[in-house]
Amino acid sequence: MNLPLLIIGTLFVITLATFLLRSRELITGIIATVVTAGMAIWFWRVDMSQPVQQLPLVGTDVALTSPLVRFGFTLQMTAGSIPILAGTMGLAALSFFLSLRTEHGSGFVPSALALVTGYVGLALISAGPIAPALLAPLFLIGLSSMSIFVFHAGRPIRSEGPLRLLIPPVLSFPLFLISAWYIAQIPLNPQDVSTTQTAAQLLSIGILLLLAPAPLHSALPDTAQVAPPIVTALLTLLYQLALLHLIFRIISSFPFITQETTFGLWLTWAGLATAVWGGVAAAGAAHPGRLWGYAALHDWGVILMVLAVPGVTSWPLVLFLYSLRAVSMLTAAVGLSMLEAESNGFEPERLQGIGTRMPWNSAAYLLGGLGLVGFPLSAGFTGHWAAMQTVAIDDWLIAAVVLLAAGSAVFGYIRMARLLFGPIVVPTTLRENPLSAIYALVGILASASLALAPQLLYGPINRALSAFSG
Amino acid sequence: MSLVFSLLNFLATGPGMLITGFFAILMILAWEWRVSLIGLILIQVGIAPIAIFLQGIDAQWVTVQTLVIILCSLILALSTTQIAGSPTSRQAGNWPLRLMVVILLYVSWRLFQFDIAIPLIDSRVSVLFNWLFICALVILSLSDNPLFTGSALILWFIPMHVVVATLFPFSSLIVLFGFLELILALCCSYLILAERLGESEQVTIATDVTFPNTVGPRQLIDRSGNERTELLPNDRTTMDLLAVPLVPELRERQAKLPPQDAPPTVKSDQITVSQPPSPSDTTQRLRAVQPKDRTGEHPLVATLSKGKRAKKPK
């Protein structure tokens, strides 16, 4: 049996089943959680040294590396794609589990599963008419388009945020395709350096566009403000995981990008602008979702700056930062979703003092958000501190500016904390449900555990590095 | 369709390319959804002879691409026709501003001799494609709604189809292109329709049985997209509407009032038109009406139907 067909077929069948059962949101949520969690565990534990394995529950033998060729594209599971698949499934499972507590509309689960299927397909592509890494922006256009339907998740939201998601991949794909042609010409004229330089410049600009640094960043805070928090966290993390994997494949396949251009410098400045703007805008954000979005933007800027660091040390740190980012974003989303539900869409009167009635969810939101800006004793502190040390080796001034921006974001969270834990205005605000308090407590414990023992992530990161080693 | 493109082969000449480029300017200047969507089709029809006769692309592929663009425009047009009066149909600035933008764009184009060479693409065609790319970027920068952003993104795809078909003549890639264009159009169409989901009707809260509620669409005031369920000071309720008491009820009230507060007596064939209550006076509801007058009728309606002012008592 063909493994890629089995994986995609299973996800398609589950998507169809959840669509037919979409009126039963709790049942579809549980089904999606169980299936994606099971697939994540299987991906994580699969041993590629044995080419033929028996599938659990089914008992059928399957060839792990058997390819699936359709329409000129080859889908095949490789050792490098396993951590990406496991990470994608794990994020999806966590998000489906967290979304069980709040209503996300009947279409959320099937549409999110369809999107996850798309990301799995992207990770499995091993060959195509041109290099898969250079075709990826086209697939990201399709996945970003599907994300628009998932963002609505049962509520009417403004269209600007989801709409802006489409712009970076659409603007970047011509650069990737034209650079693919130049790359194909390099072996024909190896002494012509202009071909290599042109390809490197086009790819550099294309990657920068895809990363959506400031001023192309506006999709993230806009969607964080209007879309359900857990949906925002899931879609943002899935997109950025696929993006990081794509960038590594491009840089490792075409190393002349960093040699023929000042790609590192552009990435540093793009990351700096993003981190600074995220921190400054967070200081002035009055909406909890928007504040969270700007904090996530600041964290993304730090990741971009670490990406710019040459050498083999940067990718473990990038993966470490991304893992901490995922934990922080999901922790904040847990608390934010309950605050949103109880405050009837963040109405100012209801938000004032809501922390006195919902202390655990408020604490989860604050702790997760502070983890995105590297506040001490939060999940992101160790990662941000290591990143600043790495950046400061070349230029301490840049690291100081980023720290100031982080401080600015912390100021925004202090204002928010005063609002949440201040005098309550609406005395009829209900106390938080014990189950939701447990959810928030688990998120807080996860963040605190990583703050105290970041080495818990070393094992998964080393495993993921195999993906980023080809 | 190949015959149609053969008839239009003048568009593959210099003046023809100028006409195609002019359509892109027209999309920016007019900033009207009909002009934008028809402009997309006209630009694609203008690009098609270039692709076939200058770039040597298979006519079948160009035909499919043209049909896809027509379909995309139809999808967007169908959604736009259903949302009359929405933010999507609003103009970005005014036409003098957009004219200045176009003039500035052209002056910069000539001043900086902006020309990015595209491999395997004729130099004249490359100039046209660069112009279309820039026009798409201008539309993206001026718009923040699904319709015009979608038009700009599809405009971005039109010349790239020719480039990709020239550089990589693989049918799977062309199919993927068309698929993505349709997906983009569907997504933007969905967002156009979804803009209306946020509109809520201003419903007068029923607190008394009087007249039908006053309803009308209005835009969201809640930026998070949630409808309001609580009263605000400016909300109107049925208590704010003028109530017309029944005659027996009025007689009882008049009997309870002190003599100095009692309304003036009237004759049987006269009605007393009292001063209308002030907007802030929600408690003054009494009207002096004749027994023979119709009850349950708004005083204004009664006044208009009588067609005369009340005469002062002698």
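1. Let's start with a pocket in chain A. The second largest pocket has 32 residues in its lining, and those nearest its centre are L91(A), L94(A), S323(A), A326(A) and V327(A). Its volume is about 900 Å³. Please keep in mind as you explore that this is a predicted model.

2. Which elements build this lining? Two or more residues each come from α2 (25–45), α3, α14 (314–342), α19 (434–452) and α20 (458–465) of chain A. Helix α3(A) gives the largest share to the second largest pocket, with nine residues. Sorted by class, the lining holds 27 nonpolar and five polar residues, and no charged ones.

3. Now turn to the largest pocket, which encloses about 1300 Å³ of space. It has 34 lining residues, and the closest to its centre are G118(A), F139(A), M146(A), L176(B) and F179(B), so look at both chains here. Chain A gives two or more residues from each of α1 (3–20), β3, β4, α4 and α5, and α8 (171–194) of chain B does likewise. The classes in this lining are 25 nonpolar, eight polar and one charged.

4. Two of those elements, β3 and β4 of chain A, also belong to a small piece of architecture worth tracing. Three strands make an open sheet in chain A, ordered β3-β4-β5, with antiparallel pairing. At the edges sit β3 (68–70) and β5 (125–127) of chain A, each pairing on one side only. From one strand to the next, the twist averages 35°.

5. How many bridges join β3(A) and β4(A)? There are three, and the two strands, with β4 covering residues 73–75, pair in the antiparallel sense. If you would like one pair to find on screen, R70(A) has F73(A) in β4(A) as its bridge partner. Helix α5 (residues 132–152) of chain A packs on the sheet, where it touches β4 and β5 of chain A, and its direction makes about 135° with that of β5(A).

6. Next come the enclosed spaces. The count is four cavities of 30 Å³ or more. The largest cavity holds about 330 Å³ of space. It is lined by 24 residues, with L165(A), A219(A), L220(A), Y239(A) and Q240(A) closest to its centre.

7. Which helix gives the largest share of that lining? It is α10(A), with five residues. At least two residues each come from α5, α7 (167–185), α8 (193–211), α9 (219–226), α10 (229–253) and α13 (288–307) of chain A. By class, the lining of the largest cavity has 17 nonpolar residues, six polar and one charged.

8. The second largest cavity has a volume of about 160 Å³. Nearest its centre, among 17 lining residues, are L122(A), A123(A), A242(A), H245(A) and R249(A). Helix α10(A) gives the most here too, with six residues, while α3 (82–98), α4 (108–124) and α5 of chain A are among the others that supply at least two. The lining divides into 14 nonpolar, two polar and one charged residues.

9. Finally, a word on confidence. The model scores ipTM 0.88 and pTM 0.82. Chain B has an average pLDDT of 74, with 59% of its residues scoring at least 70. Residues 212–225 of chain B fall below 50, and this stretch has 33 contacts in the model beyond near neighbours in sequence. Residues 261–295 of chain B also stay under 50, and the model gives them 48 contacts beyond four places in sequence.

Terms used
Residues are numbered from 1 along each chain as its sequence is written. Chains are lettered from A and ligands numbered from 1 in the order in which they are written. This is a predicted model: local features need pLDDT of at least 70, side-chain atom pairs count only at pLDDT 80 or more; totals for chains, interfaces and linings use all residues. Side-chain values use heavy atoms; hydrogens and water are left out. Two strands pair if DSSP finds at least two bridges between them. Helices (H or I, at least four residues) and strands (E, at least two) are DSSP runs, numbered from the N terminus. Axes are lines fitted to C-alpha atoms, for helices over the stretch in contact, and angles run from 0 to 180 degrees between N-to-C directions. Contact means heavy atoms within 4.5 Å. On a 1 Å grid over the protein atoms alone, a cavity is a set of points where a 1.4 Å probe fits but cannot get out, and a pocket is an open set with protein on both sides within 12 Å along at least five of seven lines; lining residues have an atom within 4 Å of a point. Grid points are joined across faces, edges and corners, and a volume is the space filled by probe spheres set on the points. Ala, Val, Leu, Ile, Met, Phe, Trp, Tyr, Cys and Pro count as nonpolar, Asp, Glu, Lys and Arg as charged, and the others, Gly among them, as polar. pLDDT is the predictor's confidence in each residue, from 0 to 100.
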